[in-house]
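Work through the exercises below with the sequence and coordinates at hand. Each task is followed by a solution in steps.

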Amino acid sequence: TKKIMNFDKFAEELSLWENEKKLNPEKPNHTTPKSPFPGLVLTGGWGWALDKVNDETTQRYSNLVEELSKFSSECIHFYPPRSLHITIATFCSFKDGLNNLNENEMKEVAECYRKLVKAACSKRNQTENITLILESIQLSQDAGIMFFKEQEGEQNIVTIRQLIKQEAKESLEFQELDRKYSISSGFKMPGIIHSSFMRCSKSFVDSNSFEQFQKKFQEISNSWVPCKVIVKNFSISWERVPYMHGNQKDEEIEIFQF
């Protein structure tokens with residue numbers, strides 16, 4: 001049996017939600033998809049595609065979505081530009097939660113992580129924007145993914161991840177919360193610099209239709225020319241809408257400008 005992208009129920013909800021807003025922009029209340037649990041994440045440049053310094057790469061993304069949409073029918077949900085972000089760390093997954101903590105307990109955990117990130121950022125000794133190279137796009141069974149690398153000689157993302165880990169290791173507050181709520185179980189940092197940009201919102205009818213989409217994706221991937229993305233901040237945020245599709249003003253706990 002040939003493998004096809006995994007159907008994602010959250011992507012289905014997001015796709016329906018985005019389409020509803022496009023078809024009925026005047027409707028005051030659109031039903032917002034809710035995460036099973038309030039996720040807590042640290043992102044780099046959430047909504048970077050809306051920043052004028054990234055206009056050229058934003059156009060590249062728009063062209064990418066346009067081309068792939070011709071071959072994916074209604075099966076793929078592409079992230080809108082406002083939702084594109086670099087994942088720095090996940091403190092609590094919106095899919096798993098942390099032992100079903102109540103709202104006050106989650107706020108307690110969020111405040112602890114906010115302090116850790118703030119302390120780590122103060123030790124970064126870097127005040128300039130971070131330039132990342134969007135080096136390639138790849139297709140997995142769960143998502144379409146952008147892979148980034150830093151400019152030669154720079155290790156900004158590795159450094160902030162290491163600093164946050166060290167702050168957590170030395171924090172008595174973190175250790176106490178871990179004893180109470182096992183918060184370290186949700187604390188994850190990817191070993192790569194990446195951003196998901198598409199997911200399967202509706203099962204492909206057959207393997208042939210997916211193969212056509214896959215072929216087009218690979219064609220674009222093989223000819224991809226690296227481009228720059230400027231990241232101006234980190235932000236610790238709630239993820240109450242899956243895959244950071246929520247309103248930034250409502251979800252951001254604190255923004256750490258460079």
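Two strands count as paired if DSSP finds at least two bridges between them. The coordinates are those of a predicted model.

**Exercise 1. Give the strand order of the five-stranded sheet and find its edge strands.**

Step 1. Following the pairing from strand to strand gives the order E2-E6-E5-E4-E7. The sheet is open, and its pairing is antiparallel.

Step 2. An edge strand pairs on one side only, which applies to E2 and to E7, residues 227-231.

Step 3. Direction ignored, neighbouring strands of this sheet are turned by 35° against each other on average.

Step 4. For one pair in detail, take E4 (residues 130-139) and E5 (residues 144-150): seven bridges join these antiparallel strands. Within E5, Phe148 is the residue that stands opposite Leu134.

Step 5. H2 lies across E2, E4, E5, E6 and E7, and its direction makes an angle of about 170° with E2.

**Exercise 2. Repeat the analysis for the sheet of four strands.**

Step 1. The order here is E3-E1-E8-E9, again an open sheet with antiparallel pairing.

Step 2. E3 and E9 (252-257) are the edge strands, each with pairing on one side only.

Step 3. From one strand to the next, the twist averages 15°.

Step 4. E1 and E3 run antiparallel and are joined by five bridges. Thr43 faces a residue in E3, namely Thr87, which stands opposite.

Step 5. Helix H4, residues 156-170, lies across E1, E3 and strand E8 (233-239). The angle between H4 and E3 is about 15°.

**Exercise 3. Describe the largest pocket by volume, lining and residue class.**

Step 1. The volume of the largest pocket is about 660 Å³.

Step 2. Its lining holds 29 residues; nearest the centre are Thr87, Thr90, Ser93, Phe94 and Arg199.

Step 3. Three elements give two or more residues each to this lining: strand E1 (39-44), strand E3 (86-92) and strand E6 (193-200). E6 supplies the largest share, four residues.

Step 4. Sorting the lining of the largest pocket by class yields 11 nonpolar, 12 polar and six charged residues.

Step 5. Thr87 links this exercise to the previous one: this residue stands opposite Thr43 and is among those nearest the centre of the largest pocket.

**Exercise 4. Do the same for the second largest pocket.**

Step 1. This pocket contains about 510 Å³ of space.

Step 2. It is lined by 22 residues, and Ser15, Asn19, Ile76, His77 and Phe78 are the closest to its centre.

Step 3. Helix H1 (9-23), helix H2 (55-72) and strand E2 (76-78) are the elements that give two or more residues to the lining.

Step 4. By class, the lining of the second largest pocket divides into eight nonpolar, nine polar and five charged residues.

**Exercise 5. How many salt bridges does the whole structure have, and which parts of the chain does the pair Glu74 and Lys202 link?**

Step 1. Side chains of opposite charge can pair when their charged atoms come close. The cut-off used here is 4 Å between a side-chain nitrogen of Lys or Arg and a carboxyl oxygen of Asp or Glu.

Step 2. A search of the whole structure with this criterion returns 18 salt bridges.

Step 3. The side chains of Glu74 and Lys202 form a salt bridge, at 3.8 Å from N to O.

Step 4. Glu74 is in the loop between H2 and E2, while Lys202 is in the loop between E6 and helix H6 (207-222). The pair therefore links distant parts of the chain, 128 residues apart.

Definitions and conventions: Residues numbered from 1 in each chain as written. Predicted model: local features only at pLDDT ≥ 70, side-chain atom pairs only at ≥ 80, totals over all residues. Heavy atoms only, no water. 1 Å grid on protein atoms, 1.4 Å probe; cavity = no way out; pocket = protein on both sides within 12 Å on 5 of 7 lines; lining within 4 Å. Points joined across faces, edges and corners; volume = space filled by probe spheres on them. Nonpolar A, V, L, I, M, F, W, Y, C, P; charged D, E, K, R; others polar. Axes fitted to C-alpha atoms, helices over the stretch in contact; angles between N-to-C directions. Contact = heavy atoms within 4.5 Å.
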